[in-house]
Amino acid sequence: MPDELNDLAAFAAVAEERSFTLAAARLGVSQSALSHRMRGLEQRLGVQLLARTTRSVSTTAAGAALLQELAPALERIEQSLMKARRQQQRPAGRIRLVLSRTAAHLVLMPKLRAFVQAYPEIVLDITTSNDPVDLVAGEYDAGIQIGEFIQRDMIAVRVTDDMRLAVVGSAEYFESHPLPRTPRDLKDHVCLGFRFRSGIYRWEFEKGRRALTVQPQGPLVFDEPDMLIQAVEAGVGIGMAMEATVQERITSGALVQVLRDWCPVFPGFFLYYPSRRHQPAALAALIRSLRMSA
């Protein structure tokens, strides 16, 4: 098919220039090579397309009919190729981005206005998912996720500092429940769960060489972080969330953080994508905008 397209484009050049010499110069090939290609094309089609004399070249009736259909199609192909090249060179076009709701809140939203103003020709097509996503299978250009969830064959760019999980409850809840001192004390508390597609998240704790895992046992399970925190603020029970997302509530006293010394820091969010080759300018612009400063 690529050879056929090249031969058809060469035929169009000869027909438009009405000269093998001018068409060969336009295409950057030798006159003899171009003449050979035209003979091959005519043989494959089984019809004469060009009438040749020692002084001129013109299309036959069949050639003129083919050119009438061919010229608009070749022009559309050329326009599509130019559009693709522009996307490689200028920050424009659509980026399909998938990220967790927490990443949207912590990473994307604080920089979204500046990005839109700086790159008005880019369309960010955003999908939220708390679960790890296969970018290639989902036809996404990039994603933002916790580092440990990213496949090793991806290219990852850090977009946050190290992070920590926080176990929190409302002041009202702790008026009638003792503060837990160790993760083992959580058996006496109402622990609200968070569900991934793979199952309910088990609370992981670590202190020195000790590590404990707790399966939350409570009356509610959410797949939306904001709803979980709203239930915690309402005094239904205690929950676990990214510390950065509830820090203001902790500072104001609306939430009480417990077991902080059992919650170690871990690498935070990364923007990840499949390959560095032929990176579109729009994706490069998004990476620059979200990348952490050195």
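1. In which loop is the place of E139? In this predicted model, E139 sits in the loop between helix 6 (135–138) and strand 5 (142–146). Its phi is positive, about 60°, although E139 is not a glycine. With a relative accessible area of 61%, E139 is exposed, because exposed is taken as over 50%.

2. R18 can be read alongside E139. Phi of R18 is near 55°, again a positive value in a residue other than glycine. R18 belongs to the loop between helix 1 (2–17) and helix 2 (20–27). Its relative accessibility is 52%, so R18 counts as exposed.

3. The overall form deserves a comment. The protein has ten helices and 16 strands. Its radius of gyration is 31 Å, whereas the globule rule gives 19 Å for 294 residues; the protein is therefore more spread out than a compact globule. Along the principal axes, the C-alpha atoms fill a box of roughly 105 × 35 × 35 Å.

4. On contacts and burial: 39% of the 294 residues of the protein count as buried. If one takes the contacts between residues at least 6 apart in sequence, 74% of them join residues at least 24 apart.

5. On surface and charge: the accessible surface of the protein is about 17200 Å², and carbon and sulfur atoms account for 51% of that area. The protein carries 35 positive and 32 negative charges, and the mean positions of these two sets are 6 Å apart.

6. The largest nonpolar core holds 44 residues, and the members that touch the most other members are I144, W203, F205, F269 and L271. Helix 10 (residues 281–290) supplies the largest share of this core, six residues. Apart from this core lies another one, of 19 residues, which includes A10, F11, A15 and L34.

7. Which residues does W203 touch, not counting those up to four places away in sequence? The partners are V167, L186, C191, L192, L212, T213, V214, P216, I238, G239 and M240. W203 is also one of the residues that touch the most other members of the 44-residue core.

8. Is A13 buried or exposed? A13 is buried, with a relative accessible area of 0%, because buried is taken as under 20%. A13 is part of helix 1. Leaving aside residues up to four places away in sequence, A13 touches A23, R26 and L27. A13 and A23 are ten residues apart along the chain, and their C-alpha atoms are separated by 5.4 Å.

9. M109 lies in helix 5 (residues 101–118). The relative accessibility of M109 is 51%, so M109 counts as exposed; the cut-off for exposed is over 50%. M109 and A166 are 57 residues apart along the chain, and 21 Å separates their C-alpha atoms.

10. Points to check in the viewer: the positive phi of R18 and of E139, the contacts of A13 with A23, R26 and L27, and the six residues that helix 10 gives to the largest nonpolar core.

Conventions:
Residues numbered from 1 in each chain as written. Predicted model: local features only at pLDDT ≥ 70, side-chain atom pairs only at ≥ 80, totals over all residues. Heavy atoms only, no water. Core = buried A, V, L, I, M, F, W, Y, C linked by side-chain atoms within 4.5 Å. Buried < 20%, exposed > 50% of the residue type's maximum accessible area, 1.4 Å probe, protein only. Helix = DSSP H or I, 4+ residues; strand = E, 2+ residues; numbered from the N terminus. Contact = heavy atoms within 4.5 Å. Rg over C-alpha atoms; globule rule 2.2 N^0.38 Å. Areas by Shrake-Rupley, 256 points an atom, 1.4 Å probe, with all protein chains shown as cover. Lys, Arg positive; Asp, Glu negative; His and termini not counted. Charge placed at Lys NZ, Arg CZ, Asp CG, Glu CD.
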